[in-house]
Amino acid sequence: MKRNMFMILLILAAALCAGYCILTASIRSGSKFYVIWGLLAVLLAALALMCHLRVWEQLPPGIKRCLVIVVAAGVLIFAVVEGCVLSGFWAKGEPQLDYLIVLGAQVKEDGPSVVLRYRLDAACAYLLENEDTRCIVSGGQGSNEPFSEAEGMCRYLVEKGIPQERILKEDRSRDTSQNIAYSAELIGDRNARVGVVTNNFHVFRGVRLAKHAGFVNVSGIAAPSDPVFLPNNMVREFFGIVKDTVFGNLL
């Protein structure tokens, strides 16, 4: 009975992952990360089949113990990393910062993507309240973008009433670590008080990258994110943090 219930739960989870894969693919963000959900659906379906065939019961005890340890370690690492991600969800920054660094995301012909608009609206609100703060909009041009992310971000902020002379464009970067590194070159002074503006799920990594770049006084400013796509972004951020940790960008 318990085995049948577990198998049904696996099948339902596989169906949910397959549906979420289709949903995340439909937004056409330029990222192929939605494939992860498809692979997870296949894995869960395979586990359901193994459960039906009683494969687990046929494994030697030593292999069972090793598999349990590996899975438990993976779950623990994932939980710790996601806890770090959650720690930046409500970051508000500090008043009167010297610079904001707004991390780039996809731009389209008609302007910034929804994810990027969240970031820009948060930056705009801060800049209107802190008139001496300058802003660096950071992002190069991807293969699926009509112009650089920095250019699209600058246009959006100017339309919202931010004077163009307060905005610096960093248009070479291709990922978050380059966003920070190239923006740091524009700022120069590592003692400058800097705020990193990005979506809530991205704040922890953005701030850590800025500290790795040598900034002493850095804080995060969390913009909202779409709750429907938050699970996808949280899992994607896990892999981003692992990657930057492996390459020494967060140490």
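Two strands pair if DSSP finds at least two bridges between them. Helices (H or I, at least four residues) and strands (E, at least two) are DSSP runs, numbered from the N terminus. The model is predicted: local features need pLDDT of at least 70, side-chain atom pairs count only at pLDDT 80 or more, and totals for chains, interfaces and linings use all residues. Residues are numbered from 1 along each chain as its sequence is written, and side-chain values use heavy atoms, with hydrogens and water left out.

**View A. The whole protein has nine helices and seven strands.**
Take the principal axes as a frame: the C-alpha atoms fill a box of roughly 70 × 35 × 30 Å. The protein has 251 residues, and 42% of them count as buried (under 20% relative accessible area; exposed is over 50%, partly exposed in between; 1.4 Å probe, protein chains only). Now consider contacts (heavy atoms within 4.5 Å) between residues at least 6 apart in sequence. Of these contacts, 74% join residues at least 24 apart.

**View B. Five strands form an open sheet.**
Read across the sheet and the order is β5-β4-β1-β6-β7, with parallel pairing. Which strands stand at the edges? They are β5 (167-170) and β7 (217-223). Each has a single partner strand, so one side of each is left without a neighbour in the sheet. Neighbouring strands are turned by 25° against each other on average, direction ignored. (Axes are lines fitted to C-alpha atoms, for helices over the stretch in contact, and angles run from 0 to 180 degrees between N-to-C directions.)

**View C. Strand β1 is mostly covered.**
Five of the five residues of β1 are buried. Tyr 99, Ile 101 and Leu 103 point one way. Leu 100 and Val 102 point the other way. β1 pairs with β4 in the parallel sense, over five bridges. Look for Leu 103: its bridge partner in β4 is Ser 138. Four bridges join β1 to β6, and these two strands also run parallel. Here Tyr 99 has Val 194 of β6 as its bridge partner.

**View D. β6 joins β7, and two helices lie against the sheet.**
β6 covers residues 193-199 and pairs with β7 in the parallel sense. How many bridges link β6 and β7? There are seven bridges. Find Val 196 in β6; its bridge partner in β7 is Gly 220. Helix α5 (residues 114-129) lies across β1 (99-103), β4 (134-138), β6 and β7. It runs at about 170° to β1. Helix α8 packs on the sheet too, touching β1, β6 and β7. The direction of α8 makes about 160° with that of β7.

**View E. Helix α8 crosses helix α9.**
α8 spans residues 203-212 and α9 spans residues 230-246. Their axes come within 10 Å and cross at roughly 20°. That makes α8 roughly parallel to α9 (under 35 degrees; over 145 is roughly antiparallel, 65 to 115 roughly perpendicular, the rest oblique). On the α8 side, the residues that meet α9 are Phe 204, Arg 205 and Leu 209. On the α9 side are Glu 237, Gly 240, Ile 241 and Asp 244. The buried residues of α8 are Val 203, Arg 205, Gly 206, Val 207, Leu 209 and Ala 210. What covers them includes β1, α7 (176-187), β6, β7 and α9. After α8 comes Gly 214, whose phi is positive, near 110°.

**View F. Glu 237 sits in helix α9.**
Is Glu 237 buried or exposed? It counts as buried, at 3% relative accessibility. Leave aside its neighbours within four places in sequence. Glu 237 is then in contact with Val 85, Phe 201, His 202 and Arg 205.

**View G. Leu 10 and Phe 6 belong to helix α1.**
α1 covers residues 2-26. Leu 10 is buried, with a relative accessible area of 9%. Phe 6 is partly exposed, at 47%. Again set aside neighbours within four places in sequence: Leu 10 is in contact with Leu 44, Leu 47 and Ala 48. Leu 10 and Leu 47 are 37 residues apart in sequence, yet 7.2 Å apart in space, C-alpha to C-alpha. Phe 6 and Gly 195 are 189 residues apart along the chain, and their C-alpha atoms are separated by 47 Å.
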